[in-house]
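Work through the exercises below with the sequence and the model open. Each task is followed by a solution in steps.

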Amino acid sequence: MRVSIFGLGYVGCVSAGCLAEKGHRVIGVDVSESKVNQINSGKPTIIEKDIDVLIMKGHENGLLEATLDATYAVLNTDISIISVGTPSTREGHLNLDYIFKVAEEIGEALREKEEFHVIAIRSTVLPGTNEKVGAVIEEFSGKKRNESFALVSNPEFLREGSAVKDYFNPPITLLGSDDKRAIDAMENLYSNISSEFVETDIRVAEIMKYVNNTYHALKIVFANEVGNICKSQNIDSHKVMDIFCKDTQLNISPYYFKPGFAYGGSCLPKDTKALMTLARDNYVKIPVIEHIIDSNEHQKDRLVEIVIEKGKRNIGFLGLSFKPGTDDLRNSPMVDVVERLLGKGFNINIYDKNVKLSEITGTNKEYIESKIPHLQHFISSDLDEVVKASDVIVVGHRAVEFEDIPEKYTGRVIIDLVRMWNGIEYDGSYEGISWSNINAIEGLSKAGAR
């Protein structure tokens, strides 16, 4: 395929060399004459393992050139990849001036082009940038998006020092677009690169690089804080983390990575506090770990605020224990929320098939009788009774018996803490605690792998 790459810095140079290596005809574009001259001399613009070989090979094979002329590049290619820098401002925002300048240049070039053109945003940008870039190109080209051109958000996942290897073996190839032709063109471009194609909404694709890198930063800080605690106890921190990483069922896995409600139970709160106390007793600062509990409490605050915002007094809770499949109410975040709402004068009804007061014995019976005896008056074993008596339903557990609630009990507001439904149409009376309207999909379809 014929590809133009705007920006010959780190990402652009690697992209140019790797695409030429796969047999594509590549034209690099940059405002720096020295960078253009380097590429046209078969030399890379960066220092990176193996890229010098690929740039020279592409140059010698006649598959790679560079220019200062954006119009020349657009008119002679089918796809334009934007890979210019997006530096941070002093306030922490992104400076998108380079992105919008390239969009203007591409738009002006498209005035002279009849063929359909695809623009891929490879630069790291915040959600909403794709839409703004499209508007700029429409303004400067006089043409309509998804008629004469289309955009794709295609974030890169390259690490310095192994960028060439990462380019040919990315964890996924992520494509967000509202035009199927653009998706097809990019899949064709990357057809000989080994990775899974994932099509998703534009804004999902735009935010992924930030989520990834923030989590990577979190992992480093978490490991460092664990290491600092271990050092205070004369424990080999590398052995600890090596063993930690062997658990691929919970620690290094998708488990727990579902946005939803706060954690609870007898283990997570207790053990997190214990590790924090151990650090404090040894004068070890662990600011990230110390704020885990604060963040968890904030999620409870969010639920209380959402319930209050609904402006209704009769609230039904489906699920009271800290997670489904247990009757354990100790440290259940739902108990905290219920008690706060009771204190604010709300009428509360609770259903939990695992919390049958007449059958509870042992630890849970003692806990209820000593800590929350007043909740006995609000718990029912009749789901129909609870839902009918409530204007707002808070779904705290995922259960088959809840699946038909939106259709069976119309007129109720549903607050979903577990992503119980994925295709609900409920007159705007549905809200997820950590997700918005799940039917407002921007792209071609809901996120999924092909």
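**Exercise 1. An edge of the sheet**

Which residue stands opposite S380 in β11?

Solution. The model is a predicted one.
Step 1. Locate the two strands: β10 covers residues 347-351, and two bridges join this strand to β11.
Step 2. Note the direction: β10 and β11 run parallel.
Step 3. Read off the pair: Y351 is the residue opposite S380.

**Exercise 2. Strand order**

Give the order of the strands in the open sheet of six, and explain why β11 and β14 have a side without a neighbour.

Solution.
Step 1. The six strands are arranged as β11-β10-β9-β12-β13-β14, and their pairing is parallel.
Step 2. β11 (379-380) and β14 (430-432) are the edge strands, and each has a single partner, so one side of each lacks a neighbour in the sheet.

**Exercise 3. The surroundings of β13**

Describe how β13 is paired, which residues on its two faces are buried, and which helix lies across it.

Solution.
Step 1. Take the β12 side: four bridges link β12 to β13, and the two run parallel. V392 has V413 as its bridge partner in β13.
Step 2. Take the β14 side: β13 and β14 are joined by three bridges and also run parallel. Here I414 is found opposite Y430 of β14.
Step 3. Sort the side chains by face. In a regular strand they alternate between the two faces of the sheet. In β13, one side has V413 and I415, the other has I414 and D416, and all are buried. Both faces of β13 are therefore covered.
Step 4. Add the helix. α13 (residues 292-309) lies across β13 (413-416), and also across β9 (314-318), β12 (392-395) and β14. The angle between α13 and β13 is about 170 degrees.

**Exercise 4. The two sides of α3**

Determine which residues of α3 are buried, where they sit around the helix axis, and what covers them.

Solution.
Step 1. List the buried positions, with under 20% relative accessible area as the cut-off. In α3 (residues 51-60) these include I51, L54, I55 and G58.
Step 2. Place them around the axis. The four residues span an arc of only 100 degrees, which means that they lie on the same side of α3. An α-helix has 3.6 residues a turn, so residues three or four places apart point the same way.
Step 3. Turn to the face directed away from the buried side: V53 and E60 are exposed there.
Step 4. Identify the cover. Among the elements over the buried residues of α3 are α1 (10-21), α2 (33-40), β3 (64-67) and α7 (163-168).
Step 5. Follow the chain onward: G62, just after α3, has a positive phi of about 75 degrees.

**Exercise 5. The strand β3**

State which way the residues of β3 point and which strand is joined to β3 by four bridges.

Solution.
Step 1. L64 and A66 point one way, E65 and T67 the other, and all are buried.
Step 2. The strand joined to β3 by four bridges is β2 (residues 25-29), and the two run parallel. One of the pairs is G28 with A66.

**Exercise 6. The whole chain**

How many helices and strands does the chain have, and how far apart are the centres of its domains?

Solution.
Step 1. The chain has 17 helices and 15 strands.
Step 2. Domain 1 covers 2-200 and domain 2 covers 297-432. Their C-alpha centres are 49 Å apart.
Step 3. For burial, 46% of the 450 residues count as buried.

Notes. Residues are numbered from 1 along each chain as its sequence is written. This is a predicted model: local features need pLDDT of at least 70, side-chain atom pairs count only at pLDDT 80 or more; totals for chains, interfaces and linings use all residues. Side-chain values use heavy atoms; hydrogens and water are left out. Two strands pair if DSSP finds at least two bridges between them. Contact means heavy atoms within 4.5 Å. Axes are lines fitted to C-alpha atoms, for helices over the stretch in contact, and angles run from 0 to 180 degrees between N-to-C directions. Buried means under 20% relative accessible area, exposed over 50%, partly exposed in between (1.4 Å probe, protein chains only). The arc is that of the directions from the helix axis to the C-beta atoms. Domain bounds come from an automatic or database domain assignment.
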